[in-house]
Amino acid sequence: MLLSSTPLLSNRASFFCRPTFGLFSARRNLTVSSCSLYNLPNNGKWAKSILHFEENERRRLLLVFLVASSLSTALPSSGKTKKQNPYDEKRLLEQNKRIQRENNVPDDFPNFVREGFTVNVVTSDKYVKRDSGLILWDIAAGTGDCPKDGQQVTFHYIGYNESGRRIDSTYLQGSPAKVRMGTNALIPGFEEGIRDMKPGGKRRIVIPPELGPPVGPSTFFSSKQFEVFDVELLSIQDCKRRTIGFYSDVVCS
């Protein structure tokens, strides 16, 4: 408490204290009073005025405290809270199996348990997973040599999405696909999966999104998903470039 004094104006002196309150504080012990000596003719009147002033200040501070408290409870919390995982892996697995049964998937088709952007692939022991993330199952082994860059491969395939819905098939188109290896004509996962096949072989290839096709409005695929391909390699042909005048092409036989 700071006391500032002035010369006495009469023999009777009285203290006039003007309370000063800190901002947004309702604690009475934080009140600071500055007092000066004045010659007051009616101490009772001034004391009543001071009490009235203190009562108004207490009410005002109480109102500020209540308003601040209501605002703090209404504002959302900015801190990150860990939410409980609502996904049940077993339930999601059974849901994927049910959808695949409705789509009449072939035997030993892999299951996909998707939790947001995370996908767990559930397969039997027949499948082998490579370091690249590619998952394979050799249904039937072929004979002969594997295709090399520059050679043309002729094959049939059926493509499925995670729910087992058929997205493409050369069998339905009526003719096999023909592609030269090493020309980036195939998506990375498909070319890796067919590169070590032999003619007459059948293989199921499970391609993760990172080895799959690009996605977007200008492509056939709208989201990053696993894709499953049943591939049957029919034959491998050697290719050579043929030039006739100003015309040049590649002939495979």
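Here is a short tour of this predicted model, one selection at a time.

**Start with the whole chain.** Show it as a cartoon and you can pick out four helices and 14 strands. Now switch on the surface: its accessible area is about 17,600 Å², and 55% of that belongs to carbon and sulfur atoms. Of the 253 residues, 29% count as buried. Let's go and look at some of those.

**Select the largest nonpolar core.** Nonpolar side chains tend to be buried together in soluble globular proteins. Here, the largest such core has 18 residues, and Phe155, Tyr157, Phe190, Ile194, Ile207 and Val231 have the most contacts inside it. To see where the core comes from, colour β8 (152–160), β10 (177–180), α4 (188–195), β11 (202–207) and β12 (227–237), since each supplies at least two of its residues.

**Zoom in on Phe155.** Which residues does Phe155 touch, leaving aside its neighbours within four places in sequence? Among them are Thr170, Pro176, Leu186, Phe190, Ile194 and Val231, along with Leu233 and Leu234.

**Hop over to the other core.** Apart from the largest core lies another one, with eleven residues. Try selecting Phe109, Tyr127, Ile135 and Tyr160, which are among its members.

**Finish on helix α4.** Which residues of α4 are buried? Select Gly189, Phe190, Glu191, Gly193 and Ile194 to see them. In an α-helix, residues three or four places apart point the same way, because there are 3.6 residues a turn. Finally, show β7 (135–140), β8, β11 and β12 next to the helix: the buried residues of α4 pack against these strands.

Notes
Residues numbered from 1 in each chain as written. Predicted model: local features only at pLDDT ≥ 70, side-chain atom pairs only at ≥ 80, totals over all residues. Heavy atoms only, no water. Buried < 20%, exposed > 50% of the residue type's maximum accessible area, 1.4 Å probe, protein only. Areas by Shrake-Rupley, 256 points an atom, 1.4 Å probe, with all protein chains shown as cover. Core = buried A, V, L, I, M, F, W, Y, C linked by side-chain atoms within 4.5 Å. Contact = heavy atoms within 4.5 Å.
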